[in-house]
Each structure stands twice: as structure tokens, then as C-alpha cells.
Amino acid sequence: MKLDLSIVVPAYNEIESLESLYEAITGYIDSTDLDLQFVFVDDGSVDETYSVLCSWDLGKAHSKVVKLSRNYGSHAAIRAGIYHADADAVMVYSSDMPEPIEDADRFYQGLKEGYELVYSVRTGYRGDLGSRLFSKLVNRCIDENYPAEGLIGVAFGSKIKKELNTDIESNSSVFFQIFQMGFSRLAIEVPYLEREQGESKWTLAKKVKLFVDSFVMFSYAPIRVITSIGILLAAVGIVCAIGIIIAKLFNIFEFAAGWPTMISIMLLGFGVTNVSLGIIAEYLVRTLDAARNKKTFIVDTVMEDHAPDGR
């Protein structure tokens with residue numbers, strides 16, 4: 001039977017929230033007429049997440065559980081789920097349920113209307129200062145149409161799925177990659193739900209990594225900033241040099257040699273140089289990963305589809 005929609009759900013140490021997730025999913029399955037497949041991806045959990053996912057009976061829906069060899073991060077887990085999804089239409093859903101699972105019908109309807117990408121605009125959500133600053137930088141440097149509230153719920157058709165499975169990027173945001181493709185898109189408003197159980201795995205270190213990955217992989221802004229700083233410092237140096245020459249020629253004032261001035265200039269110069277080299281190194285590391293064809297994820301086990309009841 002041809003599936004209507006595959007829903008990819010990455011999970012990492014989510015044992016505390018799985019019961020609520022199961023209740024939400026089974027309730028939605030009973031209420032929809034869509035032929036669904038759920039693709040759960042265990043992203044190297046060290047608790048009982050994988051065994052619990054394998055024990056689930058989703059009734060009339062198909063299910064598949066993909067276990068990764070270790071923790072690769074949520075975006076790599078999403079890519080693994082997309083790769084193993086069997087339907088042409090795919091939706092990504094978070095295991096902490098920030099949006100109602102029932103809205104999958106609305107996402108699928110948007111795809112049926114001809115849009116290749118359908119994504120949520122979260123109402124009632126306001127991120128912290130860091131998140132808002134990140135969003136502004138994304139809109140300015142990567143994609144001006146990217147949702148200011150961030151992207152959680154997203155569904156797409158066969159064209160985007162094919163491109164994602166053909167070009168499985170490492171150290172990259174799957175959501176930014178989707179938006180950069182430029183296919184027709186539809187935004188729908190979805191109420192934001194606070195997490196009720198478990199703790200977010202979205203640590204500060206992961207946020208910083210996403211920030212670096214996003215701007216290195218999808219924007220030339222860091223390189224242009226380096227170039228601009230270099231041009232500015234060179235201009236300041238030339239003006240200072242001209243000023244010193246004029247002062248010397250016309251004896252405007254005497255210069256006293258001072259270590260503080262020398263040290264300040266050296267620290268500024270070396271600091272800018274090291275920052276520049278660090279940003280350039282980020283690009284080189286990713287170029288090396290691409291040249292080595294390093295795998296974005298490694299699958300340990302795939303539990304084959306359950307036979308749905310009554311199908």
C-alpha cells in the first residue's frame with residue numbers, strides 16, 4: 001500500500017517523555033484517514049529509549065525504528081530518518097511535542113495543494129535574547145524568509161526528499177539546507193506547546209555548534225567580515241602613517257616611544273589575525289570533511305516495519 005506521509009521523530013534519552021508521546025501519536029492515528037508511517041530515530045541514547053520505541057504498537061500505522069551507532073546530533077538523526085522514510089511526503093516532528101501532532105493533517109494538505117515545503121510559524125512563542133539575535137542574523141545573512149521563531153514543524157515533498165538524500169551534508173542544518181533549495185513554500189500558524197516532561201537536550205554547546213555550522217555552511221558573512229576588518233585596519237594604518245610623516249616633517253610634536261602603544265597595536269593585530277585564521281579554518285575543516293566523504297551518521301540497527309492492524 002502506498003503511504004501518504006512518513007513522520008520522522010528523532011529521540012535522544014527521551015525515556016521520561018515517551019509515554020506522553022505515545023499517547024499523542026496513537027490518539028492522532030485513530031483520528032486521521034492518512035496512511036502513515038512513523039520513523040523513530042534513536043540518536044545514540046544511553047537510556048531505555050530504543051527498547052521502548054521498539055515495543056510500541058501503533059495500530060493501523062506503519063512504524064520503523066532506526067538506531068544510530070552513537071549520538072550524532074538532532075540534524076544528523078533527522079537526515080537518517082528521512083533516508084529511511086518510505087513515503088514521498090515527509091514530516092519532521094520533535095519528540096518533546098512542541099506542536100500538536102494533529103497538525104500533520106494540515107501540513108499534508110499544504111503539500112497536496114502543490115507546495116513543496118510546508119512549515120510552521122509558532123504562535124505564542126518568544127525565545128530568549130540569544131535565540132532572537134540568532135534569528136536576526138539568520139534573516140540578514142542566510143535567508144530573509146526564515147521564520148524568526150525558529151523552525152520545528154516542517155513537511156516536504158519528493159523533490160526536497162530526493163535532494164536531501166542525494167546530498168547528505170555533514171556539520172549542517174537540515175532546515176537551512178531545505179530553505180536554500182528555493183522550492184515553493186507555505187507557512188501555517190501552529191500554537192506552541194511548552195515541554196511538560198523531560199529536559200531539553202539542546203545544550204549551550206549544541207547551540208554554539210549550530211551557530212557556527214549555520215554561518216560557515218550557508219553564508220559568506222564571516223569571510224566578508226574578516227575582509228572588511230582587514231580593509232578598515234589597513235586604512236587606519238595608512239592614515240596613522242601619513243599623520244606621523246606630516247608631524248615629523250613639520251615638527252608639529254615629538255613622539256615618545258612607549259611600550260603600551262606597541263603592545264596594544266600588537267595585541268590588536270595578532271587578535272584579528274587569530275580570529276581570521278580560526279574562521280578560515282572552520283571552512284577548511286568542512287571542506288576536508290566533504291573531500292573525505294565522511295559519513296554524517298552510521299546506522300547500527302533498523303527494526304523493520306510493524307505490520308499494521310487491519311492492513
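How many of the residues of α3 are buried? In this predicted model, the count is 9 of 11, so helix α3 is mostly covered. The buried residues of α3 are H75, A76, A77, I78, R79, A80, G81, I82 and H84. That list takes in alanines and isoleucines, but also an arginine and two histidines. For the protein as a whole, 41% of the 311 residues count as buried.

Zooming out helps to place that helix. The protein has 10 helices and 8 strands. Its accessible surface comes to about 17100 Å², and carbon and sulfur atoms account for 59% of that area. The contacts tell a story about the fold too: taking those between residues at least 6 apart in sequence, 85% join residues at least 24 apart.

Next comes the sheet. Its 8 strands form an open sheet with mixed pairing, in the order β7-β5-β6-β4-β1-β2-β3-β8. At the edges sit β7 (185-191) and β8 (299-303), each of which pairs on one side only. Going from one strand to the next, the twist averages 20°. As a general point, strands of a sheet pair through backbone hydrogen bonds, and the pairing can be parallel or antiparallel. Here, strand β5 (residues 117-123) and strand β6 (residues 154-156) run antiparallel and are joined by 3 bridges. Across that pair, Y119 stands opposite V154 in β6.

Helix α6 (residues 158-166) is where I160 is found. Is I160 buried or exposed? With a relative accessibility of 0%, I160 counts as buried, because anything under 20% falls in that class. Apart from its neighbours within four places in sequence, I160 is in contact with E116, L117, I178, M181 and F183. One of these partners, I178, is 18 residues away from I160 in sequence, yet the two C-alpha atoms are 7.0 Å apart in space.

Helix α7 (residues 174-180) holds Q177. This glutamine is buried as well, because its relative accessibility is 6%, below the 20% cut-off. What lies 3.1 Å from a polar atom of the side chain of Q177? It is the backbone oxygen of D167. So Q177 is a buried residue whose side chain has a polar atom placed 3.1 Å from a backbone oxygen.

Charged side chains come next. How many salt bridges does the structure hold? The total is 4, and three of them are described here, starting with D88 and K2. The side chains of D88 and K2 meet at 3.1 Å, N to O. This pair links distant parts of the chain, as D88 is in the loop between α3 (74-84) and β4 (90-92), K2 is in the segment before β1 (5-11), and 86 residues separate the two. D88 counts as partly exposed because its relative accessibility is 41%, whereas K2, with a relative accessible area of 62%, is exposed.

A salt bridge between K67 and D42 has its closest N and O atoms 3.3 Å apart. K67 lies in strand β3 (residues 62-68) and D42 in strand β2 (residues 36-42), so the salt bridge ties together parts that are 25 residues apart in sequence. β2 and β3 also stand next to each other in the order of the sheet. Why does K67 count as buried? Its relative accessibility is 18%, and the class takes in values under 20%. D42 is buried too, at 0% relative accessibility.

In another salt bridge, D103 pairs with R106, and the closest N and O atoms are 3.2 Å apart. Here the partners fall into separate classes: D103 is buried, with a relative accessible area of 10%, while R106 counts as partly exposed at 38% relative accessibility.

One last detail concerns the backbone. In the loop between β1 and α1 (18-31) lies N13. N13 has a positive phi of about 50°, although it is not a glycine.

Note on methods:
Residues are numbered from 1 along each chain as its sequence is written. This is a predicted model: local features need pLDDT of at least 70, side-chain atom pairs count only at pLDDT 80 or more; totals for chains, interfaces and linings use all residues. Side-chain values use heavy atoms; hydrogens and water are left out. Helices (H or I, at least four residues) and strands (E, at least two) are DSSP runs, numbered from the N terminus. Buried means under 20% relative accessible area, exposed over 50%, partly exposed in between (1.4 Å probe, protein chains only). A polar contact is a pair of N or O atoms within 3.5 Å; within protein, one must be able to donate a hydrogen and the other to accept it, and residues adjacent in sequence count only if both atoms are side-chain atoms. Contact means heavy atoms within 4.5 Å. Accessible areas come from the Shrake-Rupley method with a 1.4 Å probe; for residues, only the protein chains shown count as cover. Two strands pair if DSSP finds at least two bridges between them. Axes are lines fitted to C-alpha atoms, for helices over the stretch in contact, and angles run from 0 to 180 degrees between N-to-C directions.
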